Amino acid sequence: MPGPGPHRPLIDVRQGAAELDAADPLRACRALFIQHPDVVAYLDGNSLGRPLVATRDRMRRFVDEAWAGRLIRAWDEEWMDFPTQVGDTIGRVVLGAAPGQTVVADSTTVVLYKLARAAVAARPGRREVVVDEENFPTDRFVVEGMAAELGLTVRRISPDQFGGVTEDQVRGAVGAQTALVLLSHVAYKSGYIADMPAITAAVHEGGALVLWDVSHSVGAIDVQLDAADADLAVGCTYKYLNGGPGSPAFGYVAQRLHGLARQPIQGWMGAADPFGMTDSYEPARGIRQFISGTPPILGMLPMLDMLELIDRVGIAQIRRKSLLLTQFVFDYCGAHLAPLGVTVATPREDGFRGGHVTLEHPNAREMTAQLWKQGVIPDFRPPSGMRIGLSPLSTSFAELGDGLEAIRGLCES
């Protein structure tokens with residue numbers, strides 16, 4: 001792709017995309033996803049991933065065989081262990097987490113609340129929680145509600161909205177009263193990658209725990225929770241893990257905290273003996289105690305296919321293509337969109353850039369609505385951001401080029 005310069009004709013964009021697609025070692029993966037004729041360019045893979053062909057087949061088999069044939073017997077035969085088995089797979093394939101530390105349970109918001117409450121309780125006597133003002137609303141809302149519930153003080157970090165939280169900012173916010181720091185690994189607006197190892201170390205030096213929201217990084221970049229000495233993490237599975245709308249989230253609790261962190265929503269499925277129907281609650285050992293109610297078996301099935309695919313191709317190859325896709329956006333913007341008033345709100349350095357690029361334009365909201373009518377699907381984030389979310393295994397450079405051309409057409413008009 002050409003760099004910043006004068007307007008170039010459409011043929012150059014298509015030719016550049018075709019050359020990149022021809023050289024892409026992951027190009028065959030695109031055919032594994034269900035493509036819909038009404039979708040010209042899907043640029044929102046960081047919000048909801050496309051379904052795999054294998055998932056459609058898996059769901060049909062499950063209904064016909066396991067559900068219809070085994071019925072309630074399947075709980076004893078396999079379903080009871082699904083949350084921890086799938087959790088271990090997520091941990092191994094995309095989190096860099098050893099077995100026994102990851103579980104699939106509820107929505108991202110509920111898991112976030114559980115882990116945040118458990119972390120605060122594991123640091124008795126400390127009355128502050130740190131969160132950044134640019135974090136996703138759920139993260140901030142959960143902290144706000146928990147603080148009101150427990151009488152805690154919320155300390156807020158104000159990062160650069162076109163970047164993210166830095167180690168120095170965390171060091172300046174963590175004190176003797178800090179119980180928990182809640183941050184996103186990849187900022188949902190800018191796509192900035194926080195320095196997880198350095199920030200985690202800074203939090204630990206202050207005696208606090210850190211809860212990482214990895215929703216915008218899991219499946220797109222190499223996370224490595226164990227290597228970073230992370231305490232707790234939460235993430236959704238419908239973005240780069242392609243679990244489908246509303247698929248259940250996962251929670252990670254480091255092994256060293258299993259005897260210390262205790263979840264606040266005590267349910268029968270997280271009890272030591274779920275079918276013992278005991279008079280009082282005794283938590284299960286290990287990560288299983290972070291389950292509360294009946295596990296969402298149907299919701300776990302689709303992500304299995306994406307995890308198998310990621311495991312097969314490797315997160316390193318996925319990350320390489322992600323960087324090429326996002327660089328394509330930078331190059332295109334410099335050549336064709338910057339002269340039309342579009343700016344980029346995402347770090348250009350590879351080490352600080354996640355899997356999406358945010359474009360800023362005063363009319364981003366209106367343009368996004370018009371693009372959707374054309375079958376070009378980015379998403380809008382206030383006040384003026386248009387996110388280009390790129391899922392490397394299902395997105396081609398040609399598709400991305402067509403989407404960017406549509407954006408240029410609206411900017412020109």
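This is a short dialogue on reading the sheets, helices, ring pairs and hollows of a predicted model.

Trainee: What should I know before I start?

Mentor: The model is predicted, so local features need pLDDT of at least 70 and side-chain atom pairs count only at pLDDT 80 or more, while totals for chains, interfaces and linings use all residues. Residues are numbered from 1 along each chain as its sequence is written, and side-chain values use heavy atoms, with hydrogens and water left out.

Trainee: Okay, sheets. In what order do the 7 strands of the open sheet come?

Mentor: Helices (H or I, at least four residues) and strands (E, at least two) are DSSP runs, numbered from the N terminus. Two strands pair if DSSP finds at least two bridges between them. Here the order is β2-β8-β7-β6-β5-β3-β4, with mixed pairing. At the edges sit β2 (102–104) and β4 (153–157), each pairing on one side only.

Trainee: And in which sense do β7 and β8 pair?

Mentor: Antiparallel: β7 (residues 232–235) and β8 (residues 250–253) share 4 bridges. Within that, V234 stands opposite G251 in β8.

Trainee: Which strands does helix α8 lie across?

Mentor: For this, contact means heavy atoms within 4.5 Å. Axes are lines fitted to C-alpha atoms, for helices over the stretch in contact, and angles run from 0 to 180 degrees between N-to-C directions. Helix α8 (residues 196–205) lies across β5 (178–184) and β6 (209–213), at about 150 degrees to β6.

Trainee: What is the strand order in the open sheet of 4 strands?

Mentor: That one reads β9-β10-β13-β12, and the pairing is antiparallel. Its edge strands are β9 (343–344) and β12 (379–381). Between β9 and β10 (residues 356–360) there are 2 bridges, and V344 has L359 as its bridge partner in β10. Helix α10 (residues 315–337) packs on this sheet, touching β9, β10 and β13 (385–389), with its direction about 20 degrees from that of β10. Helix α11 (residues 364–373) also packs on the sheet, touching β12 and β13, and makes about 45 degrees with β13.

Trainee: How many aromatic pairs are there?

Mentor: Rings of Phe, Tyr and Trp (its six-membered ring) pair if their centres lie within 6.5 Å; planes under 30 degrees apart count as stacked, over 60 as edge-to-face and the rest as tilted. The count is 6. In one of them, F136 and Y188 have ring centres 5.0 Å apart and planes at 85 degrees, so the pair is edge-to-face. This pair links distant parts of the chain, 52 residues apart: F136 is in the loop between β3 (128–132) and α6, Y188 in the loop between β5 and α8.

Trainee: Now the hollows. How much space lies in the largest pocket?

Mentor: On a 1 Å grid over the protein atoms alone, a cavity is a set of points where a 1.4 Å probe fits but cannot get out, and a pocket is an open set with protein on both sides within 12 Å along at least five of seven lines; lining residues have an atom within 4 Å of a point. Grid points are joined across faces, edges and corners, and a volume is the space filled by probe spheres set on the points. The largest pocket holds about 360 Å³. Its lining has 25 residues, with T108, F136, C236, Y238 and K239 closest to the centre. Helices α5 (108–121) and α6 (137–150) each supply at least two lining residues.

Trainee: And how many cavities of 30 Å³ or more are there?

Mentor: There are 3. The largest has about 130 Å³ of space, and D132, E134, G164, V165 and A187 lie nearest its centre among 16 lining residues.
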